[in-house]
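This report walks through one protein model for a reader who is meeting it here. Please look over the sequence and the structure shown below before reading on.

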Amino acid sequence: MGAGKRSGKMARDMLGANPEKEYKTMFENGTFAVLGPDGKQVQCDVLFTYDCEDNGRSYVVFTTGEGAQQRLFANRYDTRDDGQLALLALENEQEYAIIKHCFEELKAKLAEQAAEAAAQEGEPE
């Protein structure tokens, strides 16, 4: 998942200065915006967030673009002293492993839900 390092350059700061609580709401709504390297606003779609109890850090995994242009990013996020939320590059292999583990758990859960839904569709009412 090398995209996290690239996104650290692309997605430094969230647009708009709001308290951390509102940023979490933005993540929960599934989208947020960042400034791209060209200074233009880039729409981001959140796949999931994760607060790691082991290291006290928060992570967000998101995509930008659509179709063939869609890219996956994983970043750590934190609130800066001025109250703005900053997206930070993953720092080491341990952080990449945390994100990979979360992603695999999410995939397994989604597959399980899909199987349950398919099984329920096949049941007579």
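## Ser-58 and its surroundings

The side chains of Ser-58 and Asp-51 are joined by a polar contact of 2.5 Å, a value that, like every other in this report, is computed from a predicted model. Ser-58 belongs to strand β3, which spans residues 58–64, and with a relative accessibility of 13% Ser-58 counts as buried.

When neighbours within four places in sequence are left aside, Ser-58 is in contact with Tyr-50, Asp-51, Asn-75, Arg-76 and Tyr-77. Of these, Arg-76 has a bridge partner in β5, namely Leu-88.

## The overall layout

The protein has three helices and five strands, and along the sequence they follow the pattern α-α-β-β-β-β-β-α. Buried residues account for 32% of its 125 residues. Among the contacts in the protein with a separation of 6 or more, 42% are between residues 24 or more positions apart.

## The sheet

The five strands form an open sheet, in the order β1-β2-β3-β4-β5, with antiparallel pairing. At the edges stand β1 (31–35) and β5 (85–88), each of which has a single partner strand, so one side of each is left without a neighbour in the sheet. On average, and with direction ignored, neighbouring strands of this sheet are turned by 45° against each other.

Strand β4, made of residues 71–79, pairs with β5 in the antiparallel sense over four bridges. Helix α3 (residues 93–122) packs on the sheet, where it touches β2 (41–51), β3 and β4, and the direction of α3 makes about 85° with that of β2.

## Strand β3 and its two partners

How many of the residues of β3 are buried? Seven of the seven are, so this strand is largely enclosed by the rest of the structure. Both faces of β3 are covered, since the buried residues include Ser-58, Val-60, Phe-62 and Thr-64 on one side and Tyr-59, Val-61 and Thr-63 on the other.

With β2, strand β3 pairs in the antiparallel sense over seven bridges, and Val-46 stands opposite Phe-62 of β3 in this pairing. The hairpin of β2 and β3 has six residues between the strands, and in this hairpin Gly-56 takes a positive phi near 75°. With β4, strand β3 likewise pairs in the antiparallel sense over seven bridges, and here Phe-62 stands opposite Phe-73 of β4. The hairpin of β3 and β4 also has six residues between its strands, with Gly-65 taking a positive phi near 75°.

## Thr-63

Thr-63 is another residue of strand β3, and with a relative accessible area of 8% it counts as buried. Its side chain makes a polar contact of 3.4 Å with the side chain of Gln-70. Apart from neighbours within four places in sequence, Thr-63 is in contact with Gln-43, Cys-44, Asp-45, Leu-47, Gln-70, Arg-71 and Leu-72. One of these contacts, Cys-44, is itself buried, at 0% relative accessibility.

## Helix α3

Helix α3 has 30 residues and reaches 43 Å from its first C-alpha to its last, which is close to the 44 Å expected at 1.5 Å a residue. At the N-terminal end of α3, Asn-92 acts as a cap, with a side-chain oxygen that lies 3.0 Å from the backbone nitrogen of Gln-94.

Which residues of α3 are buried? They are Glu-95, Tyr-96, Ile-98, Ile-99 and Cys-102. As general background to such a list, an α-helix has 3.6 residues a turn, so residues three or four places apart point the same way.

## The cysteines

Cys-102 of α3 is buried, with a relative accessible area of 10%. Why does the sulfur of Cys-102 not form a bond with the closest cysteine sulfur? That closest sulfur, in Cys-52, is 7.6 Å away, which is too far for a bond, because a disulfide calls for a pair of cysteine sulfur atoms within 2.5 Å. By this rule, the count of disulfides comes to zero.

Key
Residues are numbered from 1 along each chain as its sequence is written. This is a predicted model: local features need pLDDT of at least 70, side-chain atom pairs count only at pLDDT 80 or more; totals for chains, interfaces and linings use all residues. Side-chain values use heavy atoms; hydrogens and water are left out. Helices (H or I, at least four residues) and strands (E, at least two) are DSSP runs, numbered from the N terminus. Buried means under 20% relative accessible area, exposed over 50%, partly exposed in between (1.4 Å probe, protein chains only). A polar contact is a pair of N or O atoms within 3.5 Å; within protein, one must be able to donate a hydrogen and the other to accept it, and residues adjacent in sequence count only if both atoms are side-chain atoms. Contact means heavy atoms within 4.5 Å. Two strands pair if DSSP finds at least two bridges between them. Axes are lines fitted to C-alpha atoms, for helices over the stretch in contact, and angles run from 0 to 180 degrees between N-to-C directions. The expected span of a helix is 1.5 Å times one less than its number of residues.
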